[in-house]
Amino acid sequence: MADSLPTEFDVIIIGTGLPESILAAACARSGQRVLHVDSRSYYGGNWASFTFSGLLSWLKECEQDSEAGDKSTAAWQNLIQDTEEAIALRGKDDTIRHVEVFCYASEDTGDSAEEIDALQKNPSLVASSTLTKPLDAACLSEETHSDSTSPEMPAKDTPQHDGEILPEVTDREETEVKEKDCGEKTCIHTVSDGAKDENKPVVEDNAGQPKRNRITYSQIVKEGRRFNIDLVSKLLYSQGSLIDLLIKSNVSRYAEFKNVTRILAFREGKVEQVPCSRADVFNSKELTMVEKRMLMKFLTFCLDYEQHPGEYQDFTQRPFSEYLKTQKLTPNLQHFILHSIAMTEPSCLTVDGLKATKHFLQCLGRYGNTPFLFPLYGQGEIPQCFCRMCAVFGGIYCLRHRVQCLVVDKESGRCEAVIDHFGQRISAKYFIVEDSYLSEDTCAGVQYEQISRAVLITDQSVLKADSDQQITMLTVPPAEPGARAVRVAELCSSTMTCMKDTYLVHLTCSSASTAREDLEPVVQELFTPYAETEIDEGDPPKPRLLWALYFNMRDSSGVSRSSYHGLPSNVYVCSGPDCGLGNEHAVKLAETLFQQIFPGEDFCPPPPNPEDIIFDGDDKQPEAPGTNTLIVAKLESSEGSQNLDSPGQHLQN
C-alpha cells in the first residue's frame with residue numbers, strides 16, 4: 001500500500017513524463033533504489049495518450065485544476081523540524097490553458113432508446129455540442145456556464161491493450177462544450193442545445209464523387225476505446241537518439257512501431273506528396289525532369305556539405321531560404337526542401353538548414369522510405385515502456401500519490417526527504433521533479449513559451465491514395481512573414497489511435513496567441529465542418545471535420561536551472577514536452593541529468609542475458625524478471641503487410 005512505503009530510497013522521481021521515465025529506468029538499471037510517483041491517475045503527464053472517454057475526463061480535470069487552489073500547508077508543517085525548511089510543491093496542474101472543444105458530427109437519430117440511454121449513462125462522455133456552423137460562426141450561440149460537480153477519480157486502472165495501463169472514467173452527466181475566450185486559465189464552457197434540431201443529412205450523391213460513410217458522434221462515443229489520443233504530437237527519427245536508446249537498452253521489446261508512409265507539402269492551396277527517396281524523385285509526376293536533376297544534385301551535396309564549406313561560407317549568418325535561392329532551384333523545389341525536408345522556419349540559418357536536411361536524408365531507408373516511425377497506440381506508450389524497465393529492475397511506482405513538499409536541511413542546503421499526502425516522510429539522496437510540480441514561488445523568475453495544439457477527428461485523408469491506411473506528415477508554411485509553420489500529423493486506424501473510417505489529425509506550432517487563433521486558419525484551409533456542403537462541386541471534397549479540440553500547453557524546455565528560485569543542489573528539474581518534431585530534447589535532458597547525478601555510470605546499458613544470471617542456492621535457472629509480460633517489438637515496412645498480427649522486424653542497428 002502507498003501508506004506503507006519504505007522510508008528510504010536512493011532516488012525519488014516526481015512525474016512520469018518521458019524524461020523522468022527514462023531517468024527512472026536508467027537509475028534502476030544502475031542499481032539505485034527508485035521511487036517513482038505521480039499525483040495523476042495515469043502515466044505520462046503531458047506526454048500521455050487517452051481513449052476518447054479518457055480525454056474527456058482529462059478535460060474535466062483541467063477545468064477543475066483551473067478552479068481549485070493549492071491546499072493548506074498546515075497538515076504537514078508540524079512534520080518539519082527546527083533545523084529544516086520546506087519547499088512546497090504545486091497542488092494543481094497549470095500547464096494546460098485555453099481549452100476549446102467543438103463537435104460537428106450529428107447525433108445518430110436511428111439509435112434505439114436503449115442505446116441512447118446507455119450513452120447518456122456512459123462514463124465517458126459527451127463533452128461537446130452538435131454544431132452545424134462553420135468555425136468562424138460557431139461563437140454565435142448563447143453560452144452558459146457549467147455548474148457540474150467534480151467527478152470522483154477512478155479507483156483502479158484497467159488494461160487498454162497488452163501491458164498498457166490507462167485510467168477508467170467515472171460516471172458523469174453529458175455535457176456540451178463550446179469555445180469561449182478562456183483568458184489565462186484552463187476552462188470548459190457549456191452551451192444550450194439549440195442547434196440539434198437544425199441537423200440535416202449531408203448530401204452525398206454528387207455525381208462522380210465516392211460516397212463517404214456517415215460518422216456520428218454516437219459512433220465516436222461507442223468506439224471511444226479504439227482512440228488513443230496524444231497530448232503531444234511527435235514522431236521518432238529512425239536515426240534519432242530515442243530510437244538508439246530504445247535499441248541500446250532493449251526497451252524496444254515493449255513497443256511496436258509503424259513507418260510514416262508519406263511526407264506531404266502544402267503550396268498554393270494544394271496538398272502534394274514530397275518525393276523522399278531517389279525512386280520517389282524520378283517517379284514523381286509533380287516535378288519536371290530538370291527539377292528532378294536539380295533536386296538530386298542538391299540533396300547529394302547536403303549529405304557531405306561539411307566537406308565543401310566554400311559553397312555556403314558566405315551564408316553562414318544568413319537565412320537558409322536565401323541560400324536556397326542561389327542554388328538554381330525552382331520555387332517549387334525551394335518550398336519542398338525548406339518546409340518538407342529540412343522542416344525549418346524561413347528564418348533558420350543556412351548551416352542549421354543544411355544540418356536538418358542531412359539528418360532527414362540519413363534517416364531515409366533504415367526502416368522505410370520516410371525518416372519517421374510512429375509507436376502503435378500513441379506517443380504515450382514510450383514513457384510507459386521505460387517505466388516497465390524501471391519496474392523490472394526494482395523501481396516502485398505510485399500513481400495518485402501527491403508529494404506535498406521537499407524537506408531541506410538549513411545547514412547543508414540539501415534536500416533530505418519529501419512528505420507525501422499521507423504525511424509520510426520519505427528520505428532519499430537525489431530528487432528529480434517535473435517542472436509542473438514546482439510552486440509559483442520557485443518559478444517566479446521563469447519565462448515560459450507555449451505550444452498551440454489541436455486534435456481533430458476527420459472522415460478521410462487530406463490527400464487520397466490507393467490505400468486508406470496512410471500515416472502522413474505535412475508542414476503548412478506560415479501564411480505571412482513572422483508567423484510560425486504548422487506541423488500536421490495524420491494517423492489512420494492501423495496505428496491503433498482511431499476507429500475505422502476515421503483519421504486522427506494533430507496540429508502543432510509555437511504559440512503566438514491561443515491555440516484556436518493560431519491553428520484555426522489551417523483547419524479551415526484543409527477541412528470542412530461535417531454539416532457544411534461543398535460550395536464548388538467541381539473541386540474534390542475536403543475531409544470533413546467531425547470533432548475538434550484546441551489547447552495551449554506550456555513549453556518549459558528552454559528554461560535553465562538558474563531561473564528557478566531556491567532549489568537545493570540535489571534537486572533536479574525535468575522539463576515538459578517541447579515543440580520539436582522529435583524526442584531528442586527529452587533524451588538529451590535525461591542523459592545529461594543522469595551523468596550529473598552519477599558521473600561515469602553507463603546510461604541505460606543493455607539488460608543482462610538471462611542465461612548469464614546466477615542465483616545462489618538455486619540449481620534451476622529461472623526466467624528473467626518480467627520476460628513473461630514482454631511485448632515483441634515489431635516494425636512494419638510501408639510496403640509490407642498491414643496485418644498487425646504478422647511477424648515484424650525488431651528495432652536493431
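## A look at the largest pocket

The largest pocket in this predicted model has a lining of 29 residues, and those nearest its centre are Ala342, Met343, Thr344, Gly580 and Leu581. Try finding these five in the structure above as a starting point.

Which elements give two or more residues to this lining? They are two helices, H11 (350-363) and H14 (584-597), together with three strands, S23 (472-476), S24 (486-491) and S25 (503-510). Helix H11 supplies the largest share, with five residues.

How big is the space itself? The volume of the largest pocket comes to about 960 Å³.

You can also sort the lining residues of this pocket by class:

| Class of lining residue | Number in the largest pocket |
|---|---|
| Nonpolar | 13 residues |
| Polar | nine residues |
| Charged | seven residues |

Now for the domains. Domain 1 is built from the segments 8-93, 377-447 and 557-597, while domain 2 covers 274-374. Each of these two domains gives at least three residues to the lining of the largest pocket.

Let us step back to the whole chain. Its 653 residues are 56% buried, and the chain contains 14 helices and 29 strands. About 28,600 Å² of the chain is exposed, with 47% of that area coming from carbon and sulfur atoms.

What share of contacts between residues at least 6 apart in sequence join residues at least 24 apart? In this chain, the share is 75%.

Definitions and conventions:
Residues are numbered from 1 along each chain as its sequence is written. This is a predicted model: local features need pLDDT of at least 70, side-chain atom pairs count only at pLDDT 80 or more; totals for chains, interfaces and linings use all residues. Side-chain values use heavy atoms; hydrogens and water are left out. On a 1 Å grid over the protein atoms alone, a cavity is a set of points where a 1.4 Å probe fits but cannot get out, and a pocket is an open set with protein on both sides within 12 Å along at least five of seven lines; lining residues have an atom within 4 Å of a point. Grid points are joined across faces, edges and corners, and a volume is the space filled by probe spheres set on the points. Helices (H or I, at least four residues) and strands (E, at least two) are DSSP runs, numbered from the N terminus. Ala, Val, Leu, Ile, Met, Phe, Trp, Tyr, Cys and Pro count as nonpolar, Asp, Glu, Lys and Arg as charged, and the others, Gly among them, as polar. Domain bounds come from an automatic or database domain assignment. Buried means under 20% relative accessible area, exposed over 50%, partly exposed in between (1.4 Å probe, protein chains only). Contact means heavy atoms within 4.5 Å. Accessible areas come from the Shrake-Rupley method with a 1.4 Å probe; for residues, only the protein chains shown count as cover.
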